[in-house]
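Biologist: I'd like to learn how to read a model like this one. Could you walk me through it?

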Amino acid sequence: MSAHDAIVADHAYEKTLRWWDGFTISLSIPAALFVGMGYAIGYIGAWTALALLGSVAVIACLQNYIYSEMASMFPDKVGGISMYAHQGWRTRSTLVGPLATYGYWFAWSSSLAIYGLQIGRLVQAEWFPHQTWTFSTGLADIGFPHVVALGVLVLGWLLNVLGMRPAMWIMYVTGVLVLVPIVVFALVPLFSGDWSLGNLHWNLAASGFPGWRTAIAWMFVLAWSVYGIEAVASFVPEFRDTVRDSRIALRLAGIFVIAVYLLVPFGVGGMVDQAKVAADPVSFYLGAFQRLFPGGDVIMTICLIAGLMLLMVMTTADGGRVLHGSALEGLTVKQLGELNRFKVPGRAMSLDLVVNVILILFVGEALAVIVAGILGYLLCHVLSLTGFLHLRRDEPDAERPIRLGRPWVYVAALLAAVDTVLLVVGALSAKITGYGSTKELIIGLIVLSLSVVLYAYRRIVQDGETFVWRESAATAQQEPAGEPAVESAADRV
């Protein structure tokens, strides 16, 4: 084996996944519905929440169709849509890659603490209601939910660093469990005497702000979870039949999320009182499930915990691959560009663990950083969609095993414009939803700025090259030496 072959093999993921694995990964996103839906119903009413969730789901589905073409163009690129943004923009600006990568990574990574704390609160409410002790770390008060959150963080990290197969088996089990509340809340309430159209309300004006601004502010928050079905793209290099599996997984995930984000809010919203949901937006599901099935609160708790655990396992896997892919492309420090002996990015996923332990111990209420994460995440989508437009213009004859029709160029332009509006108006309207403030926006900007600093350090100090603002077209056509993964014969479609 030559030195070049050894490097390639060292950085290559094992191609073990099929499209149903990708779809299973995407099941984590409907699980996120149970994190944010209660807040939306409680603040703006079930009808409003249904309309906004459905709208965001449709946008997410259309985006996934566009990302399926880009996935087929770059089947060996690790990092999903952040890497597509880099490929589409690199001849215009080398800074887009690091900005997209870190904007994407921080949004996913910071959510781990949020999901862990949600699990901790559910465990406390159902089985340990008297565990109300707290202690201070000097910056935050830590209680029973925080300790549980630390435990599940470590568990999710451990499942991932041992390889993709153990993580997938956990995703299969938790994916089945999360389907239980989805199916029950989508269908059963409609045949229950507790369900009524009278429980569904429009309350866009309740915030005191113009209705259009309130709608955009909530879509900004809801997009944080719904758009996450694109995470399938981060695993494209691991699909056995790259083109076929990625096409089916990305598009099926998009269609499925539309159905879930329309049916579940309709079913849940019709059987709950808005004021009660506003008072308890996280665990009100337990009482609702109990009304449908005697003893259902325990079942619902287990299913919600399973769904959140699914989210955490997937998020760790996704975020680690994005950082790993960024290092392979020379966009961040090279130490993150290593795979462990189980052929997964152990170092990058360990960084996720450290960041979230810090959030739990020293921030306490991790929801405070959600706006900072959404800021970078939506920016990544804008850059990825406009990257698609650049690739169509700059490389019209490039190989595209999945090629969308001409109308999709206009769809991509429209989606990029919509996401830009959500980004700008939503970021400036965080006080409407209560999900953050100017401080959180500053955190987001610091994270994005740090990405540029790390990129400059990688290029100038670690690689010994001069800093360039954009790459030439000729350079962009060349792969970094030794970095691309090995493609099987089945992938050359």
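Biologist: How many residues of helix 4 are buried?

Modeller: Buried means under 20% relative accessible area, exposed means over 50%, and partly exposed lies in between (1.4 Å probe, protein chains only). In helix 4, 22 of the 28 residues are buried, so that helix is mostly covered. Helices here are DSSP runs (H or I, at least four residues; strands are E, at least two), numbered from the N terminus. This is a predicted model: local features need pLDDT of at least 70 and side-chain atom pairs count only at pLDDT 80 or more, while totals for chains, interfaces and linings use all residues. Residues are numbered from 1 along each chain as its sequence is written, and side-chain values use heavy atoms, with hydrogens and water left out.

Biologist: What span should helix 4 have, and how far apart are its end C-alpha atoms?

Modeller: The expected span of a helix is 1.5 Å times one less than its number of residues. For the 28 residues of helix 4 that gives 40 Å, and the end C-alpha atoms are 41 Å apart, which agrees.

Biologist: And salt bridges? How many does a search of the whole structure find?

Modeller: A salt bridge is a side-chain nitrogen of Lys or Arg within 4 Å of a carboxyl oxygen of Asp or Glu. The search finds 12 of them. One of these joins R392 to E69, with the closest N and O atoms 2.8 Å apart. R392 sits in helix 15 (residues 370-394) and E69 in helix 4 (residues 46-73), so distant parts of the chain, 323 residues apart, are linked. Both R392 and E69 are buried.

Biologist: Which other side chain meets E69 in a salt bridge?

Modeller: R400 does, at 3.1 Å from N to O. Because R400 lies in the loop between helix 15 and helix 16 (407-427) and E69 in helix 4, this pair ties together parts 331 residues apart in sequence. Both R400 and E69 are buried. Together, E69, R392 and R400 are linked in a network of salt bridges.

Biologist: Which residue forms a salt bridge with E471?

Modeller: R90 does, with the closest N and O atoms 3.0 Å apart. E471 lies in the loop between helix 18 (438-462) and helix 19 (473-476), and R90 in the loop between helix 5 (81-89) and helix 6 (96-127), so the pair ties together parts 381 residues apart in sequence. E471 is buried, at a relative accessible area of 16%, and R90 is buried too, at 5%.

Biologist: What is the nearest side chain of opposite charge to E230?

Modeller: Lys and Arg count as positive and Asp and Glu as negative; His and the chain ends are not counted. For E230 the nearest is R321, 12 Å away; E230 is buried yet has no salt bridge. E230 is placed in the loop between helix 9 (211-226) and helix 10 (242-269). Its side chain does make a polar contact of 3.0 Å with that of Y104. A polar contact is a pair of N or O atoms within 3.5 Å; within protein, one must be able to donate a hydrogen and the other to accept it, and residues adjacent in sequence count only if both atoms are side-chain atoms.

Biologist: Where is confidence lowest, and where is it highest?

Modeller: pLDDT is the predictor's confidence in each residue, from 0 to 100. Confidence is lowest in helix 1 (residues 3-11), at a mean of 42, and highest in helix 16, at 96. The protein chain averages 86, and 92% of the residues score at least 70. Where pLDDT is low, the predicted coordinates should not be read in detail.
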